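Grab a pencil and work through the exercises below with the structure open. Try each task yourself before you read the solution.

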Amino acid sequence: MNNSLSARDQQVNWHPYTQMQTAPPPIGIVRAEGAVLYAEDGTEYIDAVSSWWVNIHGHAHPHIAERVSQQLRTLEHVIFAGFTHAPAVELSERLLKLLPQNQAKVFYSDNGSTAVEVALKMALQFWHNQGINKTKIIALEGSYHGDTFGAMSVSERSVFTRPFQQYLFDVEFLPVPVPGKEEQTLAQLETLLQQEDIAAFIFEPLVLGTTGMVMYTPEVLSKMMALCRSRGVLVIADEVMTGFGRTGKRFACDYVNEVPDLMCFSKGITGGTMALGVTTCSKTIFDSFLSDDKTKALFHGHSYTANPVACAASLASLDLVEDESFLENLDRISASHSAFAQSLVGLPGIKSCRQTGTILAIEFEVGETTYFHSLRDQLYNLALENGVLLRPLGNIVYVLPPYCITQAQLEKVYDVLEQMRQFVVQAF
Ligand SMILES: *Cc1c(COP(=O)(O)O)cnc(C)c1O
């Protein structure tokens, strides 16, 4: 009998975003360090997607490990209603210092989807508590905000959401203001904002991740935010993917001139160590829940809200985010990506090449394809066979590495992208 992790896993586990009948066996990973994953059969993989975008400082970081183990021996958990603790207090203090000035309060949850649910509930109840009938949300076409029902509702309707369609609430979708389409989107937003019942606008700032790293400029985002705020529509920045350095600055919102009313964080917040979600809001939002009337409170919470160990991991991650080498690494990776992207311009097989900070996305020229096209699996396997973990979104392959990735490791990733290009040129 095969006693590998992979074989035992197949007896008992159900994996995310996976057709379990046809998926190849999962790869058993026994340890990881820096940008490298070590498999049970001895193979090494460069984690060029930061394990679903969470692992920003590299794996098994000693500073985070030390801080977490200390916390485990001090206070592993305590209920967060009626009680508090140092890691949550310190984390909120430090986070708020890094965020746009108007962010005043921190609400903890468990992941990106719940951070979005909380933001939506805060925005809707903000109006409800004042007796104002504003109930509609604006979102961007192609957006992804998570897998819970509220988060699915404000996300692109796709094959992923089809079985649940009738339970998703109505949302006004705006086209992404990609370069060349800015004026069109701004005009549509103006028209939408004439409706009296718009409560909030939620967006992934600068980069829509899951739909294929679709990018737009800080200038048009600033204009959209300004328009919304001038009409009294709340602005929710979902920085779950972009937060903590991904776009080349600490936060994507650091590129814009306007401030959001609410912000969502998860993924990189603990450096990929523990699950943690955070929603922050302005004082105006928070104050609308203050009342002698108990029903105006925010009735939302999770058993593990503000788990001290997760907060400790996040504090350790923030130490690294605030270290000067952090921004140096972002600049190094951005410059490296940018040079590589330049070298691809005009080559056969390349439809487009996009980059924002540490995110590089290459769209291959393959004619008509969909997410489920076999090309995706071929590209995925090609990378694995070369010791690199990349997860193509259809014909779009992106690199989103841990910031500790070395130049040699980056070169290896680029080499795989070049092999993919040659494969595509031959196949199409
Ligand atoms: C991943 C993601 C989410 C959902 O986060 P989970 O932790 O997977 O629930 C929400 N918004 C954005 C922009 C994301 O990239």
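**Exercise 1: A short helix and its charges**

Helix α9 (residues 283-287) holds both Asp-287 and Lys-283, which sit 4 residues apart, about one turn of the helix. Keep in mind that you're looking at a predicted model.

Task: Work out which contact the side chains of Asp-287 and Lys-283 make.

Solution.
- Step 1: Find the nitrogen and the oxygen; they are 2.7 Å apart.
- Step 2: Compare that with the cut-off for a salt bridge, which is within 4 Å. The two side chains meet in a salt bridge.
- Step 3: Check the surroundings. Lys-283 is exposed, at 54% relative accessible area, while Asp-287 is partly exposed, at 29%.

**Exercise 2: Salt bridges in two other helices**

Task: How many salt bridges are there by this rule? Then look at the pair Arg-94 and Glu-90 and the pair Arg-421 and Glu-418, and say how far apart the partners are in sequence.

Solution.
- Step 1: The count is 13 salt bridges.
- Step 2: Take Arg-94 and Glu-90. Their side chains form a salt bridge at 3.6 Å, N to O. They're both in helix α4 (residues 86-98), and because they are 4 residues apart there, about one helical turn separates them.
- Step 3: Now see how covered they are. Arg-94 counts as buried at 17% relative accessibility, and Glu-90 counts as partly exposed at 33%.
- Step 4: Move on to helix α13, where Arg-421 and Glu-418 are 3 residues apart, again about one helical turn. Arg-421 is buried, with 10% relative accessibility. The salt bridge between the side chains of Arg-421 and Glu-418 spans 3.0 Å, N to O.
- Step 5: Look for shared partners. Glu-90, Arg-94, Asp-319 and Glu-322 are joined into one network by salt bridges that share partners.

**Exercise 3: Helix α12 and what it packs against**

Task: Compare the span of helix α12 with the expected one, then list what its buried residues pack against.

Solution.
- Step 1: Helix α12 (residues 374-385) has 12 residues. From first C-alpha to last it reaches 17 Å, close to the 16 Å expected at 1.5 Å a residue.
- Step 2: Pick out the buried residues of α12: Leu-375, Arg-376, Leu-379, Tyr-380, Leu-382, Ala-383 and Leu-384.
- Step 3: Follow their contacts. These buried residues pack against four strands, β3 (44-47), β14 (359-364), β15 (388-389) and β16 (396-399), and against helix α13 (407-427).
- Step 4: See what comes after the helix. α12 is followed by Gly-387, and the phi of Gly-387 is positive, near 75°.

**Exercise 4: Cysteines**

Task: How many disulfides does a search of the whole structure find, and why does Cys-253 have no bond to Cys-264?

Solution.
- Step 1: The search finds 0 disulfides.
- Step 2: Start from the sulfur of Cys-253. The closest cysteine sulfur, in Cys-264, is 10 Å away, so that's too far for a bond.
- Step 3: Check how covered the cysteines are. Cys-253 is buried at 4% relative accessible area, whereas Cys-404 counts as partly exposed at 30%.

**Exercise 5: Rings and charges**

Task: Decide how the planes of Phe-149 and Phe-164 are arranged, then do likewise for Phe-244 and Phe-265.

Solution.
- Step 1: You need two values, because a pair of aromatic rings is described by the distance of the centres and the angle of the planes.
- Step 2: By this rule there are 12 aromatic pairs. For Phe-149 and Phe-164, the centres are 5.8 Å apart and the planes are at 75°, so the pair is edge-to-face.
- Step 3: Place them. Phe-149 is in helix α6 (residues 149-153) and Phe-164 is in the loop between α6 and β6 (172-174), so the pair ties together parts 15 residues apart in sequence. Phe-149 is partly exposed at 41% relative accessible area, and Phe-164 is partly exposed at 31%.
- Step 4: Phe-244 and Phe-265 are edge-to-face too, with 5.9 Å centre to centre and 65° between the planes. Phe-244 is buried at 2% relative accessible area, and Phe-265 counts as buried at 0% relative accessibility.
- Step 5: Finish with charges over rings. The charged end of Lys-134 sits over the ring of Trp-127, 4.5 Å from its centre. For Lys-249 over the ring of Tyr-255, the distance is 5.1 Å.

Definitions and conventions. Residues are numbered from 1 along each chain as its sequence is written. This is a predicted model: local features need pLDDT of at least 70, side-chain atom pairs count only at pLDDT 80 or more; totals for chains, interfaces and linings use all residues. Side-chain values use heavy atoms; hydrogens and water are left out. The expected span of a helix is 1.5 Å times one less than its number of residues. Buried means under 20% relative accessible area, exposed over 50%, partly exposed in between (1.4 Å probe, protein chains only). Contact means heavy atoms within 4.5 Å. A disulfide is a pair of cysteine sulfur atoms within 2.5 Å. Rings of Phe, Tyr and Trp (its six-membered ring) pair if their centres lie within 6.5 Å; planes under 30 degrees apart count as stacked, over 60 as edge-to-face and the rest as tilted. A charge sits over a ring if NZ of Lys or CZ of Arg is within 6 Å of the ring centre and within 35 degrees of the ring normal.
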